[in-house]
Amino acid sequence: MKKTLALLLALIMVLALAACGGNGNDTPAKTDEPAKTDEPAKTDEPAKTDEPAAQPSGDKIDISVIAAQYGQKTTQWWADFQNEFNATYDNINLNVEVVSWNDIYTVVNTRISGNQAPDILNIDVFADYQADDLLLPAQDYVSAETYAKFYPAFLDQSVVDGTVWAVPDLASARALYYNADILEAAGVEVPTTWDELKTACEKLKAYDSSIYPWGIDMTTDEGQAAFAYYIWNNGGDFTDADGNWTLNSAENVEAIEYAIGLVNDGLTNSDPANETRYTLQDLFGAGQLAMMIGPNSIPTYIAVDKNPEDVINYGTAPIPTNGGKASVSAGVMDRFMCFDNGHSPEKIEAIKTFFDFFYEDQRYSDWVLMEDFLPATSTGGTIVAAADERMAAWVDIVGSCKFYPTAKAEWADVKQGVINVEQQALLGGNVQELLDNLQAEIAG
């Protein structure tokens, strides 16, 4: 089931040739996005897809970085960072190229195919690159002082064969959002269990049938997140303690049947297979959706371009669970990784300097707050919580949430597989049979 880089690159080159004869609107969409499902909407700023990797410049040590574009401020932030870094270290020439999420996979893999892999890459997935022996272990290029700052749960998500291959950049977590005014008017308490959630949805529907009680996104954009919300809060998981896939476990089947049941009972948005989280956030911000699960970025998102009096009165709470199980928040993170480009010892030290500079506590916290994400370091968490009271509760959540098993090479297939299961179940498919088939396909 392990993908080879050669196959991926071949496909990319075929698509690139086909695009040359198109109308210029055929930019590949990001399709492998476990860490991009819960951040503020990305911009579509065109990428500099023809810019080569940094070339040697005199006696300086060149470091090339490809960084993902998170929002309107990302490019300028990295430009300022590059200037400050190069002014501080006159023996290093840092070149940072910011690429939109729509283009970054094509850009990176095209560079790799031309033997121009960047020294450092900021992206979400890493397993395919590691599987093709392209990466260095994280502790080879990150100093011990900086390495010690990361939340252990974050580092665990980048472990293959006992080795950490990437370090966390930004993170986000999920919680239940509810419209406090609507729930109060309908006489509904904030639900903590699945039984309470269904009862609350029924009361909300009876109170005002024009308001959607509950939001579900089972689209190709974020269906894997919905799968995680329900299985994790029913005691299920993608894998067992030994890392074996358990996609068709009894807990998982029950969880997805429950979610599909809410849709079939008319208690959710009308088209979960096509209405993304961003559609749900729009509905929630407009007061047309009573409850949804969403990331810490929603407070900013729903207040954009609104007068204070027009911003809804909302609250957050733990995600409802089945019975007395502990509530589980879903965490998502992006990463930095270092390609094994035959670096000299001096180059490795320069790369360590880059990471020390980036993760300096105040600078890193400013980056996190600017992008409206959560920090991946404990020291950054302390600063962010003190700087923004709204973020303090989320900082407590993010250090202990669960993550997708993105370190496993099969994750891309599992991600698409669980989305397919959900969408077929929405059309009437049998959840048990669908998950049995997926388990057989993934695990053999």
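Reader: Hi! Which residue in E11 does Leu170 stand opposite?

Author: Hello! Leu170 stands opposite Pro375 in strand E11. Keep in mind as we chat that this is a predicted model.

Reader: Got it. How many bridges join E6 to E11, and which way do the two run?

Author: Two bridges join them, and the strands run antiparallel. E11 covers residues 374-375, while E6 covers residues 167-179.

Reader: What about E10, how many bridges join E6 to that strand?

Author: Five bridges join E6 to E10, which spans residues 330-338, and this pair runs antiparallel. If you want a spot to look at, find Ala173: its bridge partner in E10 is Gly331.

Reader: Nice, found it. And where does Arg174 have its bridge partner in E8?

Author: At Pro295. E8 takes in residues 289-295, and five bridges join E6 to E8 in an antiparallel arrangement.

Reader: Then there's E9. How many bridges there?

Author: Four bridges join E6 to E9, residues 314-317, and these strands run antiparallel as well. Look for Leu176, which stands opposite Ala317 in E9.

Reader: With those strands in mind, how many of E6's residues are buried?

Author: 13 of its 13 residues are buried, so you can call the strand mostly covered, given that buried means under 20% relative accessible area.

Reader: Okay, new topic! Which residues touch the most other members in the largest nonpolar core?

Author: Trp78, Ile104, Phe354 and Phe355 do, in a core of 84 residues. Helix H14, residues 345-358, gives the largest share of this core, with seven residues.

Reader: Is there anything to see apart from that core?

Author: There is another core lying apart from it, made of 56 residues. Among them are Ala226, Phe238, Val253 and Ala425.

Reader: Back to Ile104 for a second. Which residues is Ile104 in contact with, leaving aside neighbours within four places in sequence?

Author: Ile104 is in contact with Ile66, Ala67, Ala68, Val99, Leu121, Asn122 and Ile123.

Reader: Cool. Last one: Ser100. Which strand is the place of Ser100?

Author: Ser100 is in strand E2, which runs over residues 92-100.

Reader: And is Ser100 buried or exposed?

Author: Ser100 counts as buried because its relative accessible area is 2%, and the cut-off for buried is under 20%.

Reader: What joins the side chains of Ser100 and Asp103?

Author: A polar contact of 3.0 Å joins those two side chains, Ser100 and Asp103. Try picking out both of them in the view above!

Reader: Will do, thanks!

Conventions. Residues are numbered from 1 along each chain as its sequence is written. This is a predicted model: local features need pLDDT of at least 70, side-chain atom pairs count only at pLDDT 80 or more; totals for chains, interfaces and linings use all residues. Side-chain values use heavy atoms; hydrogens and water are left out. Buried means under 20% relative accessible area, exposed over 50%, partly exposed in between (1.4 Å probe, protein chains only). Two strands pair if DSSP finds at least two bridges between them. A nonpolar core is a set of buried Ala, Val, Leu, Ile, Met, Phe, Trp, Tyr and Cys residues joined through side-chain atoms within 4.5 Å. Contact means heavy atoms within 4.5 Å. A polar contact is a pair of N or O atoms within 3.5 Å; within protein, one must be able to donate a hydrogen and the other to accept it, and residues adjacent in sequence count only if both atoms are side-chain atoms.
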